[in-house]
Amino acid sequence: MAKCIGSNTLQIVPYECPPIQNITCSNGKTPVLVYDEYQCCQHYQCDCECKGWGDRHYSTFDGLSYKYHGNCSYYLMKEITPRDDLEIYIDNMHCDPLEDPSCPQSLNVNYGAEHIKLSYFILNGQPDLKAFTNEVSQKLPYWKQGVKVISTGTNLVLEILRLNVVVKFGRTGFSINLPYKYFGGNTQGHCGTCTNSQGDDCWQSGGTVSEGCAKIADGWLLEKDKGCKPGGEPPSKPPCSASPVCELLKSSVFAECHSRISPDNYYKGCVSDSCHVHNGANAVECSSLATYAAACSDVGVCIHWRNHTDLCASDCPSGKIYKPCGPAYQPTCEDSDPGMDFTTEGCFCPAGMKLFSRESKICVKNCGCLDPNGTPREFNETFEYQCQNCVCDESTKTVICKPKTCPPTILPRCMGPDYVLVNKTDPSNPCCVVHVCQCQIHACPDINMNCDVGFKPNITVPEGKCCPVLSCVPKRVCVLNDVEYQPGSSAPGQKCENCFCSSNSSSGGLMEIKCEKQQCEKTCRKGFKYVKTNSDDCCGTCVQTQCVFVVNGTETLLKGETWSPPENKCESKTCVKNGETFTITNKQIICPAFQESNCKNDTIQTAANGCCKICVEKEKACRLFNRTTPINHNGCQSELNMPSCEGSCDTFTKYSEAAAAMEHSCSCCKERRASNRTVTLACEDGTHVQFTYVHVEECGCGHTECTTPAALHVRRKRRFTLQ
């Protein structure tokens with residue numbers, strides 16, 4: 001190396017490079033060899049990579065993992081000492097209404113005067129990625145001011161060429177790769193300090209170091225979000241059974257990468273997401289696997305893992321295939337600028353094909369042109385487009401079209417005033433026209449659409465004619481006196497005829513009306529008689545002539561006739577005629593009280609009514625009498641038919657030889673059987689009370705004590721009743 005020793009003199013002295021020391025990167029990346037400031041000697045450095053995935057799992061530039069929920073905008077990295085004018089921040093949002101997780105909505109890169117936003121959103125039910133510069137949507141790929149942005153289908157990739165900065169953002173999360181030689185020890189924010197030491201990653205904006213990055217994460221809010229609700233580390237939840245997808249991280253699928261990068265932090269993140277995020281989005285659960293696979297790809301280990309699970313399967317569009325480690329900058333027919341020399345997962349053209357252009361996203365085998373429909377065409381290929389003959393011109397690499405040439409046509413001669421000559425598309429050659437005679441319908445005369453009853457108008461155009469003509473065709477109806485009748489319906493006819501519209505056609509095309517002589521129903525039910533009272537009527541009617549009732553079958557009675565059931569002569573039915581109406585009246589005979597003991601022997605018989613019993617009564621015998629008796633109790637009263645006992649009984653006095661004295665025998669007429677009955681009495685104040693009395697049911701002579709000598713000579717009459 002040259003050394004200035006004064007007097008404008010340079011001295012060349014040997015420069016001995018120190019031995020290269022192996023180092024270990026705290027973030028698991030492979031160390032890279034870089035030259036010193038003199039571009040002479042090499043040494044190892046650890047480039048910095050910050051990642052975020054799933055339900056806000058973070059890994060800092062130096063590989064420190066932590067979890068933080070916040071739904072605002074936060075700086076991921078800022079320069080402590082501004083040198084390259086670079087800062088990156090993220091916009092988070094709620095992504096699960098049942099929980100409180102946060103998901104990245106967009107990632108923003110400010111570099112110099114450029115502001116680039118990488119956004120992920122749902123468009124018409126499908127996920128989509130877009131890039132914006134200064135809030136203007138850009139067609140990808142985008143390349144301006146040394147910044148390039150491309151899309152792989154699953155990720156947006158931003159590269160700052162001068163600084164070798166690579167930023168990825170997509171469905172599964174984000175990653176930021178910074179070279180240590182430009183940013184070592186000069187970053188702050190959620191992504192940490194880029195010092196290859198995890199001890200100072202939880203750097204606060206004031207320059208102090210915290211024990212946990214989640215505790216100081218709110219300190220990196222953007223100024224516009226200072227009033228945002230504070231976030232924090234999510235509360236611990238009880239353990240659960242993790243999804244089988246998470247077990248792939250520790251399985252043989254990723255075994256080749258285990259020795260290079262530990263899957264532990266990614267496994268913990270996957271378990272947490274599968275247990276506690278319930279929005280049904282597969283990207284949240286699969287993001288831990290995708291992020292670990294991307295980290296493995298960065299150290300040269302490509303893992304084909306998506307074909308081991310249906311849950312995280314790729315969904316490339318038709319014509320493209322999924323690759324876990326495809327070129328970030330896919331080859332195209334128009335490649336002239338240097339591409340990105342790293343890999344990423346995404347949707348790529350099949351082997352042997354390349355993109356026609358960045359904008360078309362169409363894979364072709366051979367380069368050529370795109371026709372106006374966006375279909376690839378090979379050089380010198382000819383095709384037809386909108387009645388033009390086109391060719392893919394190799395010299396200009398564009399499509400050149402010329403109108404098709406049509407053959408000459410013969411003008412026909414139109415016959416009749418209602419035909420005119422018009423141009424129409426040639427059926428055999430749709431790009432050309434022919435001249436034909438066409439009917440001019442508006443020149444035709446008006447048509448009278450009136451038809452007779454039972455007919456409907458039918459418009460037809462005779463063959464070889466232009467104007468339509470009217471014909472009246474019969475309907476499937478009958479017509480009588482200008483009235484239409486549907487088949488099966490009744491129709492008027494002659495007296496004593498039943499007429500209906502049949503399904504048979506008449507000579508005029510209409511349906512035929514058929515009539516039959518009316519048949520009279522002369523059979524009447526029991527008690528009625530068929531009578532034709534009016535000679536002008538077609539049929540008579542059934543007129544009632546007897547009373548009709550039902551007792552074990554239908555019975556009839558003539559007017560004034562009475563009927564009683566054989567087993568009960570106390571009931572009777574009598575036929576009564578009121579005007580023209582016959583009715584049955586029912587009668588029930590109530591017999592007076594009857595006591596056989598009051599009758600003389602062999603005198604009991606049935607009365608003339610066939611219901612009650614009668615007899616020749618014993619003279620002055622003790623018997624039951626019915627009397628109407630007034631009842632008065634506490635001012636409440638009523639009248640009752642109250643039975644009583646009246647009549648004479650045997651009483652005698654005679655000398656007894658055995659007793660040597662007079663023997664007396666006395667008996668009286670009294671009740672033998674009685675019962676208590678209750679009646680309702682009406683009171684003067686309008687109320688009613690219940691009253692109970694003794695009701696005599698049977699009378700007879702009963703022995704009693706003789707009290708006076710007069711009893712020897714007088715037979716006393718006794719009467720018993722209840723007062």
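## A loop proline, a lysine patch and a buried cysteine

Pro141 sits in the loop between β13 (136–138) and β14 (142–144), where strands are DSSP runs (E, at least two residues) numbered from the N terminus. The peptide bond leading from Leu140 into Pro141 is cis, with omega near 5°.

Please keep in mind that this is a predicted model, in which local features need pLDDT of at least 70 and side-chain atom pairs count only at pLDDT 80 or more. Residues are numbered from 1 along each chain as its sequence is written.

Now to the region annotated in UniProt: an unreviewed entry there lists residues 369–438 and 476–543 as "domain: VWFC", and such annotations may be inferred rather than shown by experiment. Residues 476–543 are 0% helix and 46% strand, with 43 Å between the end C-alpha atoms. Two non-glycine residues with positive phi are worth a look:

| Residue | Phi | Place |
|---|---|---|
| Asp482 | near 60° | loop between β33 (478–480) and β34 (483–485) |
| Cys496 | about 65° | loop between β35 (490–491) and β36 (497–505) |

Asp482 is exposed at 63% relative accessibility; exposed means over 50% relative accessible area, buried under 20%, and partly exposed in between (1.4 Å probe, protein chains only).

Lys522 is exposed too, at 55%, and lies in the loop between β37 (511–517) and β38 (528–531).

Farther along the chain, Cys666 belongs to strand β50 (residues 661–683). Cys666 is buried, with a relative accessible area of 6%. Its C-alpha atom is 6.6 Å from that of Phe652, and the two residues are 14 apart along the chain.

Notes:
Side-chain values use heavy atoms; hydrogens and water are left out. Helices (H or I, at least four residues) and strands (E, at least two) are DSSP runs, numbered from the N terminus.
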